[in-house]
Structure formats: structure tokens, C-alpha cells
Amino acid sequence: MKLAAVIGWPIHHSRSPKLHTHWLKRYGIPGSYVALPIRPEDLAACLPVLPKMGFTGCNLTIPHKEIVLPLLDEIDAAARAIGAVNTVMFQDGRILGTNTDVYGFSEYLRRSVPNFRADAGPIAVLGAGGASRAVLYGLAEAGAREIRVINRSAARAEALIQHFQRPGLTLHAVDDAGAQEALHGATLLVNATSLGMTGQPAHTLNLDGLAPGATVYDLVYSPLDTDLLIQARARGYRTVDGLGMLLYQAKPAFARFFGIDPEVDDDLRAAALA
Ligand SMILES: NC(=O)c1ccc[n+]([C@@H]2O[C@H](COP(=O)([O-])OP(=O)(O)OC[C@H]3O[C@@H](n4cnc5c(N)ncnc54)[C@H](OP(=O)(O)O)[C@@H]3O)[C@@H](O)[C@H]2O)c1
């Protein structure tokens, strides 16, 4: 029987067990995917024990995605560039790390807006945390030419743009005071902050200045229909919700853990929301 897990602290909120358990049942795989609450200070002691307990791999969520890096024997190029690992495999006594958040972000965007072009115009990204790192990497790889990173803490946005410098890509760090202006003419707006989440304040941005036909992608999925998406729809922009990214980041992880490339469909979406 194959065994995998999601590790976090706290972990009770994670929807990953629902997704993987749905797929295990659907494909008739004798396996199990469980949530393990592990404190950050215990990760170094716990991670190497998991393969001895029969785990083939695990996902990592807050607060482990960055602190796991020094514990790994191998980190693939994308995870290294992003600076965060969310999927770990145990293979032949070695611990290997990758990042499937970037696939989740980019694949759901590609499917939701098939004619999307990252190089069609400036892109505005709200937030400079872990999620924003995966978003910037995904957009840079897709050929973005200009990205404006808007964050409450300007220093964090500045650090991020330094990290993602590459030829042909212009990056700007913008603080709250410049946020409204930074939306002007953007063809894609991504919310990678926790603003708009249940229990958090909503955004106060006016979306009127986005480019006609722009796409607004909110990584927040609780609630599914955020104020930002409602505002965007009311102005005729295309919208992309945060749940799809969550579903698609699980797909390559499941394939690695259980050996089948699973389908993301309405049944899985319903299972995630149940
Ligand atoms: N859909 C998915 O699969 C998926 C995957 C990952 C994350 N997410 C979502 O993405 C969001 C960010 O996650 P993360 O992992 O990047 O978190 P994080 O590393 O803690 O970063 C949080 C970001 O939100 C900003 N922020 C928090 N509270 C704020 C406030 N009151 N006003 C203005 N800015 C505020 C922070 O700004 P400062 O730097 O100034 O603190 C930072 O940029 C969360 O809502 C998370 O649920 C979704």
C-alpha cells in the first residue's frame, strides 16, 4: 500500500487529503494520504523518518516550504529558482524536492484563458510572499516582459524583484502608495496576498484602469468568489479563481506519489469544496 502525506503547522485546514483521497478511490489505488501536524522545529527530525515508516513522499505547506530546503539531497531547477519546495519524494535513501505550485498556477491560467499571452502587456502582481514567488517564476517562464510587484512592505517586493531579474524582463517594486497607478494598462492582475480571504480585510483597489479585456486571477479560494473577482466581473474582465491552482498543483504530486497522472474535473472540484 502506498502512503503519502501533507505536512504543516497547523494542518487541519488543508484540503489536500480530500483531493488525493478522491483520486485514490477513483483510480482504485490501494493507498492513503494523510495530514501530519509537524512543528517547524521538528521538521529536521521528522522528515527522514517518514520513508522508514513507508511514505513514498509528502507535500509541504506553511510554514515548511522554505525551511525544508537545507534538509533535501536534491532540489530541481524550478524549486531552486522559486526558493520553495512543496513536494518531496523519498527515493533510494535520498530526499528530493520540487515545486508544483508553479505548475498549478500556470496550468490553470492556460486552461481558463487559452489565448492568454504573458508578453501581451504589463502584469501586476499583488503580494511578495511565497505564493508570489511561484507566480513570478511562472510568468517569467511564460515570457512576461514587464511585471509590477505591489506589496505593503516595499522592501519585500524589492528583494523579490532582485531575485527574479533576467534579460528581457522588466520588474518594478511598488508599495501601497503606488498600487493604483501600477494597475494602469495591466493585461493581467494576480492577487497573491491574503487580502480577501475569509476573516481578512478586502482589497480597496479600483480596477477601472486595467487594460480592456484584462484577466484578474485571485489565488485566494476561501471564499471562492472574492470581492476582487466580483468587482472584476462587474467591469467585464475575465476572472480566474484560486481553487483551480490548488487542484492542478496536486496533479503532478499525485502522479509522483501514486504512479497515475490523475484527471482534474468537476468531481474533484466538488470533493475539494465538500
Ligand atoms: N490557490 C492556491 O493554490 C494557493 C497557493 C498558495 C497560496 N495561496 C494563497 O495566496 C495567498 C498568499 O499566500 P502566501 O503563501 O504567499 O503567504 P505569505 O508568504 O504569508 O504572504 C502573504 C502576502 O500577503 C500580504 N498581506 C498579508 N496581509 C496583508 C494586509 N492586511 N494588507 C496588505 N497585504 C497583506 C503580505 O504582505 P507583507 O509582505 O507586507 O506582509 C504578503 O505579500 C494566501 O491567500 C494563500 O491562501 C493560494
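**Entry 1: the ligand**

I began at the ligand, where I found one of its oxygen atoms 3.4 Å from a polar backbone atom of S194. I note at once that this is a predicted model, so I write each distance down as a computed value of that model. Next I looked up N151, and there a polar side-chain atom lies 2.7 Å from an oxygen atom of the ligand. At L246 I found a backbone N or O atom 3.3 Å from a ligand oxygen. I then asked which residues come nearest to the ligand. Out of the 20 residues around the ligand, these are A131, N151, R152, S153 and R156, so that N151 appears both in this group and in the polar contact I had just noted.

**Entry 2: two domains**

I turned to the domain assignment, which splits the chain into domain 1, made of 2–99 together with 245–273, and domain 2, which covers 114–241. Ten residues of domain 1 and 12 residues of domain 2 take part in the contact. I also looked up the spacing of the two, and their C-alpha centres lie 27 Å apart.

How much area do domain 1 and domain 2 bury between them? I noted about 980 Å², with 61% of it on carbon and sulfur atoms. I wrote this beside a general remark, that the size of an interface is often given as the accessible area lost when the parts come together.

**Entry 3: what crosses the interface**

I searched the interface of domain 1 and domain 2 for charged pairs and found one salt bridge there. I looked separately at D241 and R269, which form a salt bridge whose closest N and O atoms are 2.6 Å apart. For polar contacts across the interface of the two domains, my count is three residue pairs.

I then asked which elements supply the side of domain 1 that touches domain 2. At least two residues each come from α4 (77–82), α10 (243–258) and α11 (266–273), and the largest share, three residues, is from α4. Sorted by kind, the residues on this side of domain 1 are six nonpolar, one polar and three charged.

**Entry 4: salt bridges in the whole model**

I counted the salt bridges and arrived at 12. One that I looked up joins the side chains of D101 and K65, at 2.8 Å from N to O. This pair links distant parts of the chain, since D101 sits in helix α5 (residues 101–112) while K65 is in the loop between β3 (55–60) and β4 (74–75), 36 residues apart. As a general point, I recorded that side chains of opposite charge can pair when their charged atoms come close.

**Entry 5: backbone details**

I finished with the backbone, keeping in mind that most residues other than glycine have a negative phi, and that most peptide bonds are trans. Where did I find cis peptide bonds? One joins I62 and P63, with omega about 10 degrees, and P63 has its place in the loop between β3 and β4. Another runs from S222 to P223, with omega near 10 degrees, and P223 is found in the loop between β11 (215–218) and α9 (227–234). Lastly I noted D92, a residue other than glycine with a positive phi, near 50 degrees, in the loop between β5 (87–91) and β6 (94–98).

How values were computed:
Residues numbered from 1 in each chain as written. Predicted model: local features only at pLDDT ≥ 70, side-chain atom pairs only at ≥ 80, totals over all residues. Heavy atoms only, no water. Domains from an automatic or database assignment. Contact = heavy atoms within 4.5 Å. Buried area = accessible area lost by both parts, 1.4 Å probe. Salt bridge = Lys/Arg side-chain N within 4 Å of Asp/Glu carboxyl O. Polar contact = N/O pair within 3.5 Å; in protein donor to acceptor, adjacent residues only side chain to side chain. Helix = DSSP H or I, 4+ residues; strand = E, 2+ residues; numbered from the N terminus. Nonpolar A, V, L, I, M, F, W, Y, C, P; charged D, E, K, R; others polar. Near = heavy atom within 4 Å.
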